[in-house]
Amino acid sequence: MPVWSPGFYGIGNYSRNVSNFRAEDGARHALPWEKVTKDTWRVAAGNASTIVLNYDVYGATSFAANTYLGDDRAYISPSGMFVYIPEMTHHPVTVAIQLPSNWKQISTGLEPISGKSNTFYASDFDVLYDSPILMGNQEYLHFDVKGVPHYVAIENVSAKVDRQKMIADLQKMVTAATQLIGAVPYKHYTFLLMGRGNGGIEHLNSASIQFDGNSLDTPEGYLHWLGYVSHEYFHNFNVKRIRPIALGPFNYDMENLTNMLWVSEGLTVYYENLVLVRAGLMTRDQYLDDMKRSIASFENSPGHHYQSATESSWNTWNAGSGVGGDRNTTISYYQNGAMLGAMLDLKIRAGSMNRRSLDDVMRALYNKYYLQRQRGFTDAEFRQECEAAAGGDLSEVFSYASTSTDVDYAKYFALAGLKLETTSEDASGAYLGINTHFQEAPRNAIPSGPPFAGRSGSPEMILVITSVTPGSPAETAGLKEGDQILEVEGVKATPKAINDLLTPSQPSGRGGTAASQPATPPNSVMKSPGNKIKIQISRNNTTTGVDVELGKNVKRTFTFEPVANPTPLQAAVLKDWLRAVQ
Ligand SMILES: [Zn+2]
């Protein structure tokens, strides 16, 4: 049984929900079996040509990556329900479902088998694991795009929401997205609009989307929801088909690590609103409002001083799908990836004299890697496609993706004739002014000793300054890029140790329970502006102590203004970038 579910980058260990396991041959004679790993069963089949497995799956958590059974509905997250035979995952699969008599609806991206009720087909186990199944008494709506049917299973949308308008808007959104890529790559698509929980997960030709059904009652709530559905839908291109090489074919037994979730998730966030603009469902001002709030949220969270988008991607399997546990020391590749997407797009548009855009990169990746080579792309291939479209070097954007360097947003938005203004106000905590990278010590830095001494555990981690903000307390005290921080206030230097000095604790960014948490008390070690801290650094193999007088922390706010006299290129880039095409 898989340990994780495609689209949700965390280990779920679903086999823990399995009980009452039995194996039989075709004549219902019991076959001996044993459990050989935590998620592997070995059946002694002898001469049996058929093996029947019976097992119960416990499903009490209503979440898009978990199987759930309630009084009025059930949801199968297939990787936590169906076992596979390792050498037979390319075999076709049939799924037959027996519904309780008072349930009428099964919604899934799986192919129905004609002539057999409630029976479905998957061409292989990858398709099976990518096709959740929702059962109960959902509303069931439908629209076509280019003759391809799109089904909408609704569990909990508020009765006040106009169904006809909702379906028309989803149709516009799908039309804009499919025009952008130039393909409708499936035979049918199903939106599973589920209630009672948070989180959405994209699949090959379906998406499981959970939300508060009453949140659609206001125009803002409705637009936000459309963006969320647009996100999960756009994933059918970006990540399901346009994908980094690590993300398929999957290994279901372990983590599938990649640096590129800032592309797969972040660029999907970038496109979720852009698709709505193209579809005429979001205005240019609404788009830019969302962008500036996103930049402010990212810049005002201390984590961006310590973690890059590529690191956040790689570490997500430990931290939990893109929303790190600690906003002080980690970032969200969703948020950062969306801004990197905007910078790539604007640079490509300006660099190509407004002849190409990030859309061309997405189309090239779709055609070249998904259709022709039938594989994912490497990190280098993604960059090549971006630079080919821009007609030049994009090293600055890619270094923003892989480091915690301060980002010059204004330079990029100026390419579209937009002036990004920043205002600052005092905020709690204290200010130091460094960005760092927490990295493995180089081999020659590991102290000598008996062979392999100290190597048995995790590698030694060191904290290195990657940039010092001009005019900051750190610069005044003489700290420099490349310095290794050994200790702060007598404690081993880690991102957390520094942040405990500078920043009030923040509630975890995960889950939807923030409202029920008590206010977090301030850290006992937290310093104030004007306090001095002792930092021990190593520079050129010499250890030095540095005293830094901390400054005031600021909270930044961003606004966009069109420049007074845009050049023809700036005007053309802005017009085409945020233009409704429908
Ligand atoms: Zn996503």
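**Exercise 1.** How far apart are the mean positions of the positive and negative charges of the chain?

*Solution.* Keep in mind that you are working with a predicted model. Start by counting: the chain has 50 positive and 58 negative charges. Then take the mean position of each set; these two points are 2 Å apart.

**Exercise 2.** Work out why the chain can be called as compact as a globular protein of its length.

*Solution.* Begin with the secondary structure, which comes to 14 helices and 24 strands. Next, compare two radii: the radius of gyration is 26 Å, and the globule rule gives 25 Å for 582 residues. These values are close, so the chain is as compact as a globular protein of that length. For a view of its extent, the C-alpha atoms fill a box of roughly 80 × 70 × 50 Å along the principal axes.

**Exercise 3.** Find out what share of the residues is buried, and describe the surface.

*Solution.* Using a cut-off of under 20% relative accessible area, 49% of the 582 residues count as buried. Now turn to the outside: the accessible surface is about 26,700 Å², and carbon and sulfur atoms own 51% of it.

**Exercise 4.** Locate the nonpolar cores and look around Phe413.

*Solution.* First, the largest core holds 121 residues, with Trp262, Phe382, Phe413 and Trp577 making the most contacts inside it. Helix α4 (residues 261-278) supplies the largest share of this core, 10 residues. Now zoom in on Phe413: leaving aside residues up to four places away in sequence, its contacts include Met291, Leu346, Phe560 and Trp577. Finally, a second, separate core has 22 residues, among them Val468, Ala493, Ile535 and Val546.

Key: Residues are numbered from 1 along each chain as its sequence is written. This is a predicted model: local features need pLDDT of at least 70, side-chain atom pairs count only at pLDDT 80 or more; totals for chains, interfaces and linings use all residues. Side-chain values use heavy atoms; hydrogens and water are left out. Helices (H or I, at least four residues) and strands (E, at least two) are DSSP runs, numbered from the N terminus. The radius of gyration is taken over C-alpha atoms; the globule rule is 2.2 Å times the number of residues to the power 0.38. Buried means under 20% relative accessible area, exposed over 50%, partly exposed in between (1.4 Å probe, protein chains only). Accessible areas come from the Shrake-Rupley method with a 1.4 Å probe; for residues, only the protein chains shown count as cover. Lys and Arg count as positive and Asp and Glu as negative; His and the chain ends are not counted. The place of a charge is taken as NZ of Lys, CZ of Arg, CG of Asp or CD of Glu. A nonpolar core is a set of buried Ala, Val, Leu, Ile, Met, Phe, Trp, Tyr and Cys residues joined through side-chain atoms within 4.5 Å. Contact means heavy atoms within 4.5 Å.
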